[in-house]
Amino acid sequence: MTLGLSKACGLGVNRRTLLKSAAVIGAGSVFPHVWTGRATASDPQEIVHWSWLAASDGEVWAQMIDAFNEAHKDKGVRIRMEVVPEEQYVTKVLAASATGKAPDFGWGTAGKGAQLARDEVTIPLDELISASGLDLSDFSETSIRASRYPKYDNKIFMVPMDLMSLQPEINVDHVKEAGLDIGKPPLDEATLLEWANAMTRREGDTVTRSGILMTGAGVQPTVTWGIVAEQMGFQRASDDLKTACVNPEQGKAAMQWVLDLFDKHKVSTRDVSDRYKAFGTGQGSIFWTGPWTINGYVTQKLPFVTTLFPKIGEKHLTYFEMGALELYRQADPGRHELTMQAIKWLSDNSFLWTTVGRGASPRKSILERADYKTAGSPWDMRGAFVDGMSIATIGEIPVVNGPNFTIYSGGNFLAKTLEGVWSGQTTIDEAMEQLQTQWQADLDEG
């Protein structure tokens, strides 16, 4: 996944009907800040926000922005949101910053913004957070740790908005058809492969319905390898960020595990190109993905439940990602305080975002609400994405060239290297050697 990917689902189905944002979120908190300048209710001061969210999560985020503007329509301030395609986002932010016309704030992803922090495009937020009154003690330790960059005085560069993981979504109709018990989903390798085989459909040697939905290239086999490899004991980088490819033999074993899904167990096919559409149309039975898919499939009335990622190796782990808001350097630094107050409001009022939008809340007070499990999509469809955060520890490598290490990506160095393995053009040993060489250079750069 490239920096700032919105996970646009590509489902080809109707999106969730927009909710009345102000009614859902409520009036929320008001600003303790006294807005400055000559702004009035009829001519409000604008905070410019860039977003790369483009699918059903983008619709819910638009509701959040609308709710802010409704709550502050008489306070002389509003947020103007502009949607920027994710593949253009970083380039446009860099260009805008270079000309002194950067947006006030935008979406970031923990661990991938080291270059922006190094180049002082994004700014440290510790003092601004303190001045705004945003309660850091209400955030999970994991989210705050992911918001800091150890190489830049361990300062906070993001305000967490949601926590995401990869968990399996399972087609309930396929489970019933195979005579399996959805109440006892696969939690280990043996059961996973048993279920996958039972739900796979074949015509001769051709897989027509994948028990485990996979693609022949891109994100799906890359992230699968990344999760399985770390479960087996492989590390892309050592804890001190000095050594690349710790325990490489386990990394190689994970490549073979992915290949076996296609060629030995024959529960997956390389012929799938659009994984989201394939699962939505019943071409796959088990699909590990993130909470950004829930709204689309619920709207489609797809019969599915979600469970925890199975333990395939010695460690029970899965992919971690955090969505967060970052502030960009301004010609007028005075805008930062105003922007941080807006972000505080969005964080304090993020119940809708983390029940209908995507991901688990990083805010303890929201998770503890009595209605957190009953709001939004059914719990059997989203609960694993909340409970599963306890095993979601495979995050980003916080170095300038961190995107080279990202396991949720269809076009970065890692994905392109592994594509040679999946297609049979590169041996497993050759691929590991390429990873070790490039990643070591990336770590040495810092």
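Is Trp 61 buried or exposed? Trp 61 has a relative accessible area of 0%, so it counts as buried. The model behind these close-ups is a predicted one.

**Figure 1. An edge-to-face meeting of Trp 61 and Trp 107.** The two rings sit 4.8 Å apart, centre to centre, with 70° between their planes. They come from distant parts of the chain: Trp 61 belongs to helix α2 (residues 56-71) and Trp 107 to strand β3 (residues 105-109), 46 residues apart. Trp 107 is tucked away too, since its relative accessibility is 1% and that counts as buried. Trp 107 also has a charged visitor: Arg 358 lies over the face of its ring, 5.2 Å from the ring centre.

**Figure 2. Inside the largest nonpolar core.** This core has 63 residues, and the members touching the most others are Trp 225, Met 255 and Trp 439. Among the elements giving it two or more residues are α9 (219-232), β12 (284-289), α17 (413-423) and α18 (428-445). Helix α10 hands over the largest share, 7 residues. Zoom in on Met 255 and, setting aside neighbours within four places in sequence, you'll find it in contact with Trp 225, Leu 418, Val 421, Trp 422, Ile 428, Ala 431, Met 432 and Leu 435. Elsewhere there's a second, separate core of 45 residues, including Trp 52, Tyr 89, Phe 105 and Leu 325.

**Figure 3. Strand β9 and its two partners, β8 and β12.** Strand β9 (residues 206-212) is mostly covered, with 5 of its 7 residues buried. Against β8 (residues 201-203) the pairing is antiparallel, over 3 bridges, and Arg 202 faces Val 207 across it. The hairpin of β8 and β9 has 2 residues between the strands, and Gly 204 there takes a positive phi near 65°. With β12 things run parallel, through 2 bridges; look for Ser 210 opposite its bridge partner, Gly 284.

**Figure 4. More rings: some of the model's 19 aromatic pairs.** Trp 225 turns up again here, paired with Phe 234 in a tilted arrangement: 5.5 Å between centres and 55° between planes. Both of these residues, Trp 225 and Phe 234, are buried. Then there's a whole cluster, in which ring pairs link Tyr 276, Phe 279, Phe 287, Tyr 297 and Phe 304.

**Figure 5. An arginine over a tyrosine: Arg 382 and Tyr 372.** Arg 382 lies over the face of the Tyr 372 ring, 5.1 Å from the ring centre.

Conventions: Residues are numbered from 1 along each chain as its sequence is written. This is a predicted model: local features need pLDDT of at least 70, side-chain atom pairs count only at pLDDT 80 or more; totals for chains, interfaces and linings use all residues. Side-chain values use heavy atoms; hydrogens and water are left out. A nonpolar core is a set of buried Ala, Val, Leu, Ile, Met, Phe, Trp, Tyr and Cys residues joined through side-chain atoms within 4.5 Å. Buried means under 20% relative accessible area, exposed over 50%, partly exposed in between (1.4 Å probe, protein chains only). Helices (H or I, at least four residues) and strands (E, at least two) are DSSP runs, numbered from the N terminus. Contact means heavy atoms within 4.5 Å. Two strands pair if DSSP finds at least two bridges between them. Rings of Phe, Tyr and Trp (its six-membered ring) pair if their centres lie within 6.5 Å; planes under 30 degrees apart count as stacked, over 60 as edge-to-face and the rest as tilted. A charge sits over a ring if NZ of Lys or CZ of Arg is within 6 Å of the ring centre and within 35 degrees of the ring normal.
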